[in-house]
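Visitor: I am new here and would like to learn how to read a structure. Could you walk me through it?

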Amino acid sequence: MEEKSLEEKMTEEMQEGRGKKEKKPMPLLLQIVLLIVMVVILRNTIGTVLVKGSSMEPNFNHGDLVFINKLSTSIGTPDYGDVVICKLDEGSGYENIIKRVIGLPNDVIVILDNGKGSCNLYRNGELVEEPFLREPMTSMGNITYPFVVPENSYFVMGDNRNESLDSRRESVGAIEKKDLMGEVVLRLYPFSDFGPIE
């Protein structure tokens with residue numbers, strides 16, 4: 001019997017190897033199930049929101065499209081300065097609002113008239129410096145100070161303090177964690193301002 005050459009043996013081995021690597025296509029039903037699972041996971045972890053109104057100017061403007069991370073507020077814990085999307089019950093339905101986290105659970109918030117035509121914000125007895133504001137805050141709102149932020153709730157305010165409906169108003173108050181829809185992590189539009197939120 002004639003012995004096979006080294007070249008023939010290698011060719012046969014390569015062909016056998018190719019045959020073993022061939023995969024069967026995934027069944028259509030399994031593909032559909034995996035697609036549904038991925039969609040559900042994505043819907044519960046990320047999202048986009050269109051900014052409405054002027055309460056966060058100059059840092060966010062009406063018509064900005066932002067990307068939110070839902071896990072950072074549902075599983076994680078928001079921190080000072082985080083920009084979040086809140087679900088606000090207006091009695092006739094819910095509205096999504098964009099605000100900045102100012103106070104965490106158990107923080108003591110005080111807003112005082114500084115005698116110079118504007119107000120100062122204090123958190124746990126310390127003056128809060130906010131260089132990102134458009135102009136000095138002139139409204140203390142109508143809540144009673146000192147205001148202790150309840151458990152599982154957050155004190156939120158707009159960057160445009162004089163045009164913002166926020167936790168300074170009794171009609172809003174502290175926002176419960178369950179009503180935080182997510183943290184704003186990226187601006188998608190306008191393209192000129194595209195980028196991560198600092």
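Visitor: What is the order of the four strands in the open sheet?

Guide: Strands of a sheet pair through backbone hydrogen bonds, either parallel or antiparallel. Here the order is β7-β6-β5-β8, with antiparallel pairing. Strands are DSSP runs (E, at least two residues), numbered from the N terminus, and two of them pair if DSSP finds at least two bridges between them. This is a predicted model, where local features need pLDDT of at least 70, side-chain atom pairs count only at pLDDT 80 or more, and totals for chains, interfaces and linings use all residues. Residues are numbered from 1 along each chain as its sequence is written, and side-chain values use heavy atoms, leaving out hydrogens and water.

Visitor: Which are the edge strands?

Guide: They are β7 (126-127) and β8 (147-148), each pairing on one side only. Two bridges join β8 to β5 (residues 108-113): V108 stands opposite V148, and I109 has F147 as its partner.

Visitor: How many residues lie between β5 and β6 in their hairpin?

Guide: There are five, and G115 in the turn has a positive phi of about 75°. Five bridges pair these two strands; in one of them D113 stands opposite C119.

Visitor: Where is there a cis peptide bond before P146?

Guide: Most residues other than glycine have a negative phi, and most peptide bonds are trans. The bond from Y145 to P146 is cis, with omega near -5°, and P146 is found in the loop between β7 and β8. Another cis bond joins E57 and P58, with omega about 10°.

Visitor: Is N152, with its positive phi, buried or exposed?

Guide: N152 is exposed (over 50% relative accessible area, 1.4 Å probe, protein chains only), because its value is 52%. Its phi is about 55°.

Notes: Buried means under 20% relative accessible area, exposed over 50%, partly exposed in between (1.4 Å probe, protein chains only).
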